[in-house]
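User: Hello! I have a structure to look at and I am new to it. Could you show me how to read a few of its features?

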Amino acid sequence: MFIFCEFMPNFVPLLHQCLHFLLPNSCLWCQLPVQQAQAQICQYCNPALPRLSPAVPLDNALLLPQVSRGLKPRYFDALYSLSWYQNPWSHWIVAWKFNQDLACGALLCQQLAAAAAGYLPPPDAAVCYVPISKTRLKERGFNQAEQLAHALAAALQLPLLALFASKKGIKHQVGLSRAQRNANLRRQFSLLPNNRLPQHLLLVDDVITTGATVNQLTLLLKKQGVQTVDVWTLAVTSAKRQRRYSAAPSSSPDAESKALAK
Ligand SMILES: [Zn+2]
């Protein structure tokens, strides 16, 4: 037993390599077998993924007018996003959130962590995430923003804080006007007690659309003395898509995915 435990840390990766050799997983984009165990995308597709700024691996997306134009008013200080909301990102995000495709989730977490590699966090920063209601958590089984935040915090070696509560029974945001969304969101979120807030927070969500949710959470944080809130997301929608999103007639998750994925 002792010998087994002693060799266990080496045995598990070896077992993964053997399983991968026997049953290689397919690239989630091109479907060809991937070379590396644990990888969800092949070495050819990875560098070809569409990026928000092809020349810069990760930069403040608010410097792009086509992003900042669609996010007014805005209370957070910077936005780091990997891509526009487009294929294959949108396909993977929808598959993860609505079809519980955990391989897509693993890929998206890996991509966010990899993108953060060149980012130097300020001292005393911490990572937090957009909450979902208990009802939504029960339906979905996980909070995608929390999983992304976990990956980001691990990559940057920052603390991960659960700061927000989300009340149940709040409607989906799709199909509501900006004013209706803001009123809805003011009622929805609150800060959990007994958290010491750092000066600088990295707030994680999967997609930023109108920015209404992260704006409300930023206001809550700044009222409590937080100086800087940087938002991190996988994808950002253009101003044109935000109008389509706001105009979606239904409030179901299916309508959300259809409205955003077009
Ligand atoms: Zn591929």
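User: Let's start with contacts along a folded chain. Which residues does Asn60 touch, not counting residues up to four places away in sequence?

Analyst: This is a predicted model, so keep in mind that we are reading a prediction. Asn60 touches Ala78, Leu79 and Tyr80. Take Ala78: it is 18 residues from Asn60 along the chain, and their C-alpha atoms are separated by 5.7 Å. Asn60 itself is found in the loop between α2 and α3.

User: Is Asn60 buried, exposed or partly exposed, and why?

Analyst: The idea is to count C-beta neighbours: 20 or more within 10 Å means buried, and 12 or fewer means exposed. Asn60 has 16 other C-beta atoms within 10 Å, so Asn60 is partly exposed. In the protein, buried residues make up 37% of the 262 residues.

User: How do I read a pair of helices? At what angle do the axes of α4 and α5 cross?

Analyst: Look at the two axes and the angle between them. The axes of α4 (residues 89-99) and α5 (residues 102-115) come within 8 Å and cross at roughly 125°. The two helices are therefore oblique to each other, and their crossing is left-handed. On the α4 side the contact is made by Trp92, Ile93, Ala95 and Trp96, and on the α5 side by Cys104, Gly105, Leu107 and Leu108. Seven of these contact residues are nonpolar, one is polar and none is charged.

User: What joins α4 to α5, and what is phi of Gln100 there?

Analyst: Gln100 sits in the loop between these helices. Its phi is near 50°, a positive value in a residue other than glycine. Gln100 counts as exposed because it has 12 C-beta neighbours inside 10 Å. Gln31, in the loop between α1 and α2, also has a positive phi, near 75°.

User: And peptide bonds? Which ones are cis?

Analyst: Omega is the angle to check. The bond from Lys72 to Pro73 is cis, with omega near 0°, and Pro73 is found in the loop between α3 and β1. A cis peptide bond also joins Asn87 and Pro88, with omega about 0°; Pro88 is in the loop between β1 and α4.

User: One last helix, please. How far does α9 reach from its first C-alpha to its last?

Analyst: Compare its span with the expected one. Helix α9 (residues 212-223) has 12 residues and reaches 17 Å, close to the 16 Å expected at 1.5 Å a residue. Its buried residues include Ala212, Val214 and Leu221. After α9 comes Gly225, with a positive phi near 100°.

Conventions
Residues are numbered from 1 along each chain as its sequence is written. This is a predicted model: local features need pLDDT of at least 70, side-chain atom pairs count only at pLDDT 80 or more; totals for chains, interfaces and linings use all residues. Axes are lines fitted to C-alpha atoms, for helices over the stretch in contact, and angles run from 0 to 180 degrees between N-to-C directions. Helices (H or I, at least four residues) and strands (E, at least two) are DSSP runs, numbered from the N terminus. Angles under 35 degrees count as roughly parallel, over 145 as roughly antiparallel, 65 to 115 as roughly perpendicular and the rest as oblique. A crossing is left-handed if the near helix is turned anticlockwise from the far one by less than a right angle, and right-handed if clockwise. Two residues are in contact if their C-beta atoms, placed from the backbone, lie within 7 Å. Ala, Val, Leu, Ile, Met, Phe, Trp, Tyr, Cys and Pro count as nonpolar, Asp, Glu, Lys and Arg as charged, and the others, Gly among them, as polar. The expected span of a helix is 1.5 Å times one less than its number of residues.
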